[in-house]
Amino acid sequence: QIILGIESSCDETSVGIVRNEHELLANVITSQIKSHQRFGGVVPEVASRHHLEYINYCIEEAIKQAKIKKSDLNGIACTYGPGLAGCLMVGLTAAKVMAADLNLPFYGVNHMAGHIYAAAIDHKIKFPALALLVSGGHTEFVYMKDELSFEIIGTTLDDAVGEAYDKIGRLIGFNYPAGKTIDEAAKKGTANYELPRPMMNRPDLNFSFSGLKTAVRDLVEKEKRHGTLEVNDLAASFQEAVVEVLISKTKKALNQISVRELIVGGGVAANSLLKSKLIELIQIDFPHCQLTIPPLRLCGDNGAMIAAFGSVLAKNQITSPLTLDSDPGLSFNFSLT
Ligand code: ATP
Ligand code: MG
Ligand code: FE
């Protein structure tokens, strides 16, 4: 079973190819970051135009990298939500045209399910599993009793973690997206600024990051007035606050429900402190739970993760009609079993 997956929900045009669920044959990712940087965020119209320009290249390049012919493909998968409407439409149209043209089954994929399945590209997930999704638009705990069920058991009440990173980055003059830059600055600094840990001691599994963002903004303004802002220390303090909250809530979640695997997904899964603290948490408190953090290139948006979940849909013969519409606000509480 060879499935091709298309991703165009935000600012990456990407096509991946996966064989037999777990073998990555190709993953071509073109990023538009340069075009959006001067605006400090993703501009939807600019993004759609980019997707239109790159989608065919990505498809051809992925087929070439995979060393297969189009006729070897067994199905086409594509993100249909959540994401930016115009962007989703470009990928979806390309996918449907391909499926119709090659007479192949078509699989509509929820982008967030894709982020989870990035972890499944090199191994079989053990269920029940818990996913911690941390990206530019989401911060969520998702409980999966089996490979086709997704139940949100905790979420952010305001900003997503990645969004908080990007907003703090803008405050201190880092380019968008700022997650990686803050992560690197944090390694050079000391976490000696005092910042709040919002919602950390509440018993539920929800998050809130907008208060932390405001606290950082006030602090930055004050330090700038006095000319004493230490950017690396601020990055370290912010990162420590964020990671402490994420780790504490993850511990709470794992104490509340029993799972065999913890999957971390989304762009923020690339964060070095989060990674090392998660490894520590699992080693000390939950040694029987397997921890899976996908490699860097699979953490951000990519076509391979869409092909990976598409492969699961294919195995279960859950196809989508070619009339499937994009759904920018697609929710993530669903079960296909
Ligand atoms: P969503 O998946 O919710 O629709 P998205 O696709 O924009 O949102 P991703 O591409 O999964 O999100 O992740 C991008 C986010 O990850 C950005 O906010 C970026 O700053 C953040 N990020 C990337 N690397 C790191 C890092 N090392 N530390 C912290 N954040 C990071
Ligand atoms: Mg992105
Ligand atoms: Fe994403």
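Angles under 35 degrees between helix axes count as roughly parallel. The legends below describe close-up views of a predicted model.

**Figure 1. Packing of helix α2 against helix α3.** Helix α2 comprises residues 44–65 and helix α3 comprises residues 85–102. The two helices pack at an angle of about 20°, and their axes lie 8 Å apart. The helices α2 and α3 are therefore roughly parallel to each other. Their crossing is right-handed. On the α2 side, the residues that meet α3 are P44, E45, A47, S48, H51, L52, I55 and I59. On the α3 side, the partners are G86, C87, V90, G91 and A94. By class, this contact has eight nonpolar, four polar and one charged residues.

**Figure 2. Crossing of helix α5 and helix α6.** The axes of α5 and α6 come within 8 Å and cross at roughly 75°. Because of this angle, α5 and α6 are roughly perpendicular to each other. Helix α5 contributes G162, Y165, D166, I168 and G169 to the contact, while helix α6 contributes G179, T181 and I182. These residues divide into three nonpolar, four polar and one charged.

**Figure 3. Surroundings of ligand 1.** There are 23 residues around ligand 1, and G136, G137, G162, G179 and G267 come nearest. Two or more residues of this shell are given by each of the elements α4 (111–117), α5 (161–171) and α6 (179–188). By class, the shell has six nonpolar, 13 polar and four charged residues. G162 and G179, which are among the residues that come nearest to ligand 1, also take part in the contact of α5 with α6.

**Figure 4. Two cis peptide bonds that lead into proline.** G81 and P82 are joined by a cis peptide bond, with omega of about -10°. P82 is found in the loop between β4 (75–81) and α3. A cis peptide bond also joins F127 and P128, where omega is about -5°. The loop that holds P128 runs between α4 and β6 (129–134).

**Figure 5. Backbone of K67.** K67 is a residue other than glycine with a positive phi, near 55°. This residue lies in the loop between α2 and β4.

**Figure 6. The annotated region, residues 23–307.** An unreviewed UniProt entry lists residues 23–307 as "domain: Gcp-like". Over these residues the chain is 48% helix and 17% strand. The C-alpha atoms at the two ends of the region are 10 Å apart.

Methods. Residues numbered from 1 in each chain as written. Chains lettered and ligands numbered in written order. Predicted model: local features only at pLDDT ≥ 70, side-chain atom pairs only at ≥ 80, totals over all residues. Near = placed C-beta within 6 Å. Helix = DSSP H or I, 4+ residues; strand = E, 2+ residues; numbered from the N terminus. Nonpolar A, V, L, I, M, F, W, Y, C, P; charged D, E, K, R; others polar. Axes fitted to C-alpha atoms, helices over the stretch in contact; angles between N-to-C directions. Parallel < 35°, antiparallel > 145°, perpendicular 65-115°, else oblique. Left-handed = near helix turned anticlockwise from the far one by under 90°. Contact = placed C-beta atoms within 7 Å. UniProt positions renumbered as here; feature names shortened; annotations may be inferred.
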